[in-house]
Amino acid sequence: MQASAPCMWMRGGTSKGGFFLARDLPADAAARDAFLLRVMGSPDPRQIDGMGGADPLTSKAAVVQKSAREGVDVDYLFLQVFVDQAIVSDAQNCGNILAGVGPFAIERGLVEATGDETRVTIFMENTGQIAIATVMTPGGAVTYEGNTRIDGVPGSHAPIPLEFRDTAGSSCGALLPSGNAVDMVNGVPVTLIDNGMPCVVMKAADVGITGYEDREWLDANAELKVTIEAIRLAVGARMNLGDVREKSVPKMMLVAPPKSRGAICVRSFIPHRAHATIGVLGAVSVATACLVPGSPAAEVAVIPPGPRKMLSVEHPTGELGCVLEVNDAGEVVSAALLRTARKLMDGIVFA
């Protein structure tokens, strides 16, 4: 049983976790998952005997290797290590951890810096999609220092723009896997959508809240959690995800009219705990839902004109800006977001 591995601990966006080269982990998936559970200290609500931070946002792993695919620099597998269950899931992407993949690939020598900026093309193994990260590399070396601020992270850092291509239906097979803009589930109108992250989008008011509550209040509301979990379990098959009882998708998105200057306000569950912010690809899916005529999100969103839609998704600790390009038919053809990352530790982690 493997006892240790080289590892770089990084913050990516509003998450953090361990970044590994694929060759440094067991090739067998079950052995790899057992190793990661021990590294994080799961299952344990405090993860006291591991590196995890007792929160799904800080119990994540990236597995990276040089790609053999044409036009692609690296392959990236995201793994969600559950906190209080002995589960490691590859059922989703993570756009926040994705922000650290480009810098990590350069730091580990998988990609050579090309100047003051280096574009890293990343194949996301979880869904078979491609993202392009632009990493600041002045003098041919990664820098994490800069003036870019993102909500949910203190201070400022170097910008890492992320461009996503062909993400529609990446996990569910179609942007709207049920074929409908609106489905009625347990008496609640919902949109089942996947533009990089499978999500169930509903109006907060339809489940008895305003959509402006804080994370602590949401996490303490057992009745609300029962209601939205019943909806989540009911839609798994409709979203081509099967039985989702032990899966981390779909994410549950409760939307309301924007409270500030954004396009929409959201409270997300990932899927059983309220999110302190919102996941990158979850924000893309919610922003896309705003552009689906007749959807619950469209009913409460404020949409700017023109083919280039700059939609800011408000969340409990700020906003996340999405730039969506639409074609003449109103279909989203590309999405981009701005993230940051920071190297926290580089060394050997023990299981």
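Begin by selecting Cys199, which is buried, with a relative accessible area of 0%. Keep in mind throughout this tour that the coordinates belong to a predicted model. With Cys199 still highlighted, look for a possible sulfur partner: the closest cysteine sulfur is that of Cys172, and at 9.0 Å it is too far away for a bond. Next select Cys290, which also counts as buried, here at 5% relative accessibility. The cysteine sulfur closest to that of Cys290 belongs to Cys322, and the 9.0 Å between the two is again too far for a bond. A disulfide is a covalent bond between the sulfur atoms of two cysteines, and a sulfur pair has to lie within 2.5 Å to be counted as one. For the structure as a whole, the number of disulfides is 0.

**Strand β3 and its neighbours**

Now select residues 60–66, which form strand β3, and switch on a surface if your viewer allows it; this strand is mostly covered, since 5 of its 7 residues are buried. Add residues 15–21, which are strand β2, and you will see that β2 and β3 run parallel and are joined by 5 bridges. A convenient place to inspect this pairing is Phe20, which stands opposite Val63 in β3. If you then include helix α1, residues 29–40, you have on screen a β-α-β unit made of β2, α1 and β3, and this unit is right-handed.

Residues 74–81 come next, as strand β4, which pairs with β3 over 7 bridges in the antiparallel sense. Within this pairing, select Ala61 together with Leu79 of β4, which stands opposite Ala61.

**Aromatic rings**

Which rings should be shown as sticks at this stage? The structure holds 2 aromatic pairs. In one of them, the rings of Phe19 and Phe104 have their centres 5.7 Å apart, and with 50° between their planes the pair is tilted. Phe19 belongs to strand β2 while Phe104 belongs to helix α2 (residues 95–107), so this pair ties together parts that are 85 residues apart in sequence. Both ends of the contact are covered, for Phe19 counts as buried at 0% relative accessibility, and Phe104 is buried with a relative accessible area of 0%.

Returning to Phe20, select Phe35 along with it: these two form an edge-to-face aromatic pair, 6.4 Å from centre to centre and with 75° between the planes. Here Phe20 lies in strand β2 and Phe35 in helix α1, so the pair ties together parts that are 15 residues apart in sequence. Phe20 and Phe35 are both buried.

One further ring deserves a stop, that of Phe123, because the charged end of Arg69 sits over this ring, at 3.7 Å from its centre.

**An exposed arginine**

Finish at Arg261, which you will find in the loop between β12 (251–256) and β13 (264–269). Is Arg261 buried or exposed? At 79% relative accessibility, Arg261 counts as exposed. Leaving aside residues up to four places away in sequence, Arg261 touches Glu314 and Glu319, and both can be selected with it. To relate the loop to a residue elsewhere in the chain, draw a C-alpha to C-alpha distance from Arg261 to Val302: the two are 9.2 Å apart in space and 41 residues apart in sequence.

Notes
Residues are numbered from 1 along each chain as its sequence is written. This is a predicted model: local features need pLDDT of at least 70, side-chain atom pairs count only at pLDDT 80 or more; totals for chains, interfaces and linings use all residues. Side-chain values use heavy atoms; hydrogens and water are left out. Buried means under 20% relative accessible area, exposed over 50%, partly exposed in between (1.4 Å probe, protein chains only). Helices (H or I, at least four residues) and strands (E, at least two) are DSSP runs, numbered from the N terminus. Contact means heavy atoms within 4.5 Å. Two strands pair if DSSP finds at least two bridges between them. A crossover is right-handed if, with the strands pointing away from the viewer, the path from the first strand over the helix to the second runs clockwise. Rings of Phe, Tyr and Trp (its six-membered ring) pair if their centres lie within 6.5 Å; planes under 30 degrees apart count as stacked, over 60 as edge-to-face and the rest as tilted. A charge sits over a ring if NZ of Lys or CZ of Arg is within 6 Å of the ring centre and within 35 degrees of the ring normal.
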